[in-house]
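Biologist: Before I trust any labels on this thing, can we go through what earns each one?

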Amino acid sequence: MPVLPWLLLVVLCRCGGLACPEGCRCPLESRVVRCTHGQLREIPQGIPRDTRVLYLDSNEITGLPDGALRELRQLQELYLSDNLIENISLAAFGELGSRLQLLDLSNNRLRQLGPAEAASALRAKMRLYGNPWHCGCSLQKLLEALPLEAETLEDVVCASAAREEYAGQPFALLLNTGIDFCSVQQRTTDVAMLVTMFCWFTVLIAYVLYYVQRNQAETRRHLEYLKSLPIKQPSPEEEEMEEDTLSTIL
């Protein structure tokens, strides 16, 4: 067997053209990398740069740092379902822009996804079901910023919310009934501010009343002390001096 083709193969592998991360399978010329059930806890290094479809599902990945996919400029589909992801920023996908067509984040531990500003460059179809979403203003802004299909919105079910009766309800259904989570949050903030101001005003009034009552008590004690002092009687010599003074004046 000729040695030259094997040497070329080794060189290509070392240069990254045919590299494949540990725990993954990279079929030749398919541009598909499969890392399913690879017991991965983070995004592996050495993913071929020309990858178009990347399977990272069914692992133990907990997050996706910004820039982790920077080199995958041809990526079109990314599967991250069935992991342990609790927090993730859409900025991590921002560099992929409109090239990313499918993003699967289903069956993770996501409660929020943001910020909404990072969603402007993302045009991928998303799968979001199976996450314990917290329905609030930030999630509402995010879903309004993303170009999501109706079925994707229906998959977002509230695991928790500002009101207990919203738990277990599809987020889209709540929005369609006219509920505005941002206005609810604003009203809650306004009420909290009013309560705080009322508490401070109450404390101020209580302090003024205490100060006045304390001064009144001190004044009463001082007057009582003055009343308790003995009145000094003038001596005979002092009386004679006063009479002489009066007679002189007259």
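What follows is a chat about the labels, checked against their cut-offs.

Modeller: Keep in mind that this is a predicted model.

Biologist: Why is the pair Arg 41 and Glu 60 called a salt bridge?

Modeller: The cut-off is 4 Å from a Lys or Arg side-chain nitrogen to an Asp or Glu carboxyl oxygen. Arg 41 and Glu 60 come out at 3.4 Å, N to O, so the pair counts as a salt bridge. Arg 41 sits in the loop between β1 and β2 and Glu 60 in the loop between β2 and β3, so the pair ties together parts 19 residues apart in sequence.

Biologist: What makes Arg 41 exposed?

Modeller: Exposed needs over 50% relative accessible area, and Arg 41 has 63%, so the label fits. Glu 60, at 36%, is partly exposed.

Biologist: How do you know that Glu 71 and Arg 49 make a salt bridge?

Modeller: The N to O distance is 3.9 Å, which is within the 4 Å limit, so the pair counts. Glu 71 is in the loop between β3 and β4, while Arg 49 is in the loop between β1 and β2, so parts 22 residues apart in sequence are tied together. Arg 49 is exposed at 58%, and Glu 71 is partly exposed at 42%.

Biologist: And why is Asp 104 called buried?

Modeller: Buried means under 20%; Asp 104 has 4%, so it is buried. Asp 104 pairs with Arg 127 in a salt bridge at 3.5 Å, N to O. Arg 127 lies in strand β7 and Asp 104 in strand β6, so this pair ties together parts 23 residues apart in sequence. Arg 127 itself is partly exposed, at 31%.

Biologist: How many salt bridges does the rule give?

Modeller: The count comes to four.

Biologist: Now the inside. What makes a set of residues a nonpolar core?

Modeller: The residues must be buried and nonpolar by the list used, and joined through side-chain atoms within 4.5 Å. The largest such core has 46 residues, and Leu 78, Leu 80, Phe 93 and Met 126 have the most contacts inside it. Helix α3 gives the most to this core, with three residues.

Biologist: Which residues does Met 126 touch, leaving aside neighbours within four places in sequence?

Modeller: Among them are Leu 90, Leu 103, Leu 113 and Thr 152.

Biologist: Which residues are in the second, separate core?

Modeller: That one has five residues, including Val 32, Val 53, Tyr 79 and Leu 102.

Note on methods: Residues are numbered from 1 along each chain as its sequence is written. This is a predicted model: local features need pLDDT of at least 70, side-chain atom pairs count only at pLDDT 80 or more; totals for chains, interfaces and linings use all residues. Side-chain values use heavy atoms; hydrogens and water are left out. Helices (H or I, at least four residues) and strands (E, at least two) are DSSP runs, numbered from the N terminus. Buried means under 20% relative accessible area, exposed over 50%, partly exposed in between (1.4 Å probe, protein chains only). Contact means heavy atoms within 4.5 Å.
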